[in-house]
Amino acid sequence: MRRILAYFLCLCLLTSFTSCDMEDDELSELVTANFVEGNWILTDLIYEEYYDGQLDTGNGEHETPNAPVTMANGKLMSPGETTADYVLTEVDGKDYIVITEEGKDKGTFEITKLTTEEMEWVIEKMGESTRGTYKGVSTYKFTRAE
């Protein structure tokens with residue numbers, strides 16, 4: 001009788017530890033969405049140009065707008081600005097945020113940093129000028145509003 005009881009107890013213990021695991025991709029999307037949503041301050045906007053892979057220090061800009069931004073339910077809102085829509089996506093293990101405003105594509109930004117307190121987006125655009133092909137890199141830095 002004890003052996004039957006011990007066998008039954010072992011069987012119960014083994015089956016009690018099985019559970020349904022959330023897929024890693026689903027967990028990553030959930031964490032990204034939860035971290036992105038909320039009130040932020042756009043603290044830095046940095047624009048850099050590269051020619052032949054070299055930074056052109058004469059053609060860059062750095063602004064510190066300290067602009068409040070609220071992100072919730074797929075909407076990006078800033079006081080006095082048009083509300084934009086956003087969608088979070090992942091490609092090849094990298095997180096991106098796609099911004100549209102009044103149905104027009106405003107860019108796909110790579111989320112290069114995302115913590116509970118800081119967020120950073122980067123977008124790269126290729127172009128042509130009299131100096132040849134260049135790459136423009138815009139970096140947007142945010143801190144969580146208190």
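**Fold order.** I read the chain from its start and got the pattern α-α-β-β-β-β-β-β-β-β-β. My tally is 2 helices and 9 strands. I note here that this is a predicted model.

**Whole chain.** I looked up burial next. Of the 146 residues, 25% are buried. The exposed surface comes to about 10400 Å². Carbon and sulfur atoms supply 52% of that surface. I then took the contacts with a separation of 6 or more. Residues 24 or more positions apart account for 43% of them.

**Core.** Which residues have the most contacts inside the largest nonpolar core? I found Met71, Leu76, Ile97, Ile99 and Trp121, in a core of 16 residues. Two or more residues come from each of S1, S3, S5 (84-91), S6, S7 and S8. S8 gives the most, with 3 residues.

**Ile99.** I followed this core residue outward, leaving aside neighbours within four places in sequence. Ile99 is in contact with Leu76 and Trp121, both also listed among the core residues with the most contacts. Its other contacts are Ala84, Asp85, Tyr86, Lys104, Asp105, Lys106, Gly107 and Phe109.

**Pocket.** I turned to the largest pocket. Its volume is about 550 Å³. It is lined by 22 residues, and the closest to its centre are Leu76, Ile99, Glu101, Trp121 and Tyr140. Leu76, Ile99 and Trp121 are names I had already written down for the core.

Which strands supply at least two residues of the lining? I listed S1 (38-51), S3 (67-72), S6 (94-101), S7 (104-114), S8 (118-129) and S9 (132-144). The largest share, 5 residues, comes from S9. By type, the lining divides into 14 nonpolar, 4 polar and 4 charged residues.

**Thr143.** I ended on a residue of strand S9. Is Thr143 buried, partly exposed or exposed? Its relative accessibility is 30%, so it counts as partly exposed, because buried requires under 20% and exposed over 50%.

I then checked what lies across from Thr143. Ile41 is 102 residues away in sequence, yet the C-alpha to C-alpha distance is 5.3 Å. Ile41 is also a contact of Thr143. With neighbours within four places left aside, the other contacts of Thr143 are Trp40, Thr43 and Glu117.

How values were computed:
Residues numbered from 1 in each chain as written. Predicted model: local features only at pLDDT ≥ 70, side-chain atom pairs only at ≥ 80, totals over all residues. Heavy atoms only, no water. 1 Å grid on protein atoms, 1.4 Å probe; cavity = no way out; pocket = protein on both sides within 12 Å on 5 of 7 lines; lining within 4 Å. Points joined across faces, edges and corners; volume = space filled by probe spheres on them. Helix = DSSP H or I, 4+ residues; strand = E, 2+ residues; numbered from the N terminus. Nonpolar A, V, L, I, M, F, W, Y, C, P; charged D, E, K, R; others polar. Buried < 20%, exposed > 50% of the residue type's maximum accessible area, 1.4 Å probe, protein only. Contact = heavy atoms within 4.5 Å. Areas by Shrake-Rupley, 256 points an atom, 1.4 Å probe, with all protein chains shown as cover. Core = buried A, V, L, I, M, F, W, Y, C linked by side-chain atoms within 4.5 Å.
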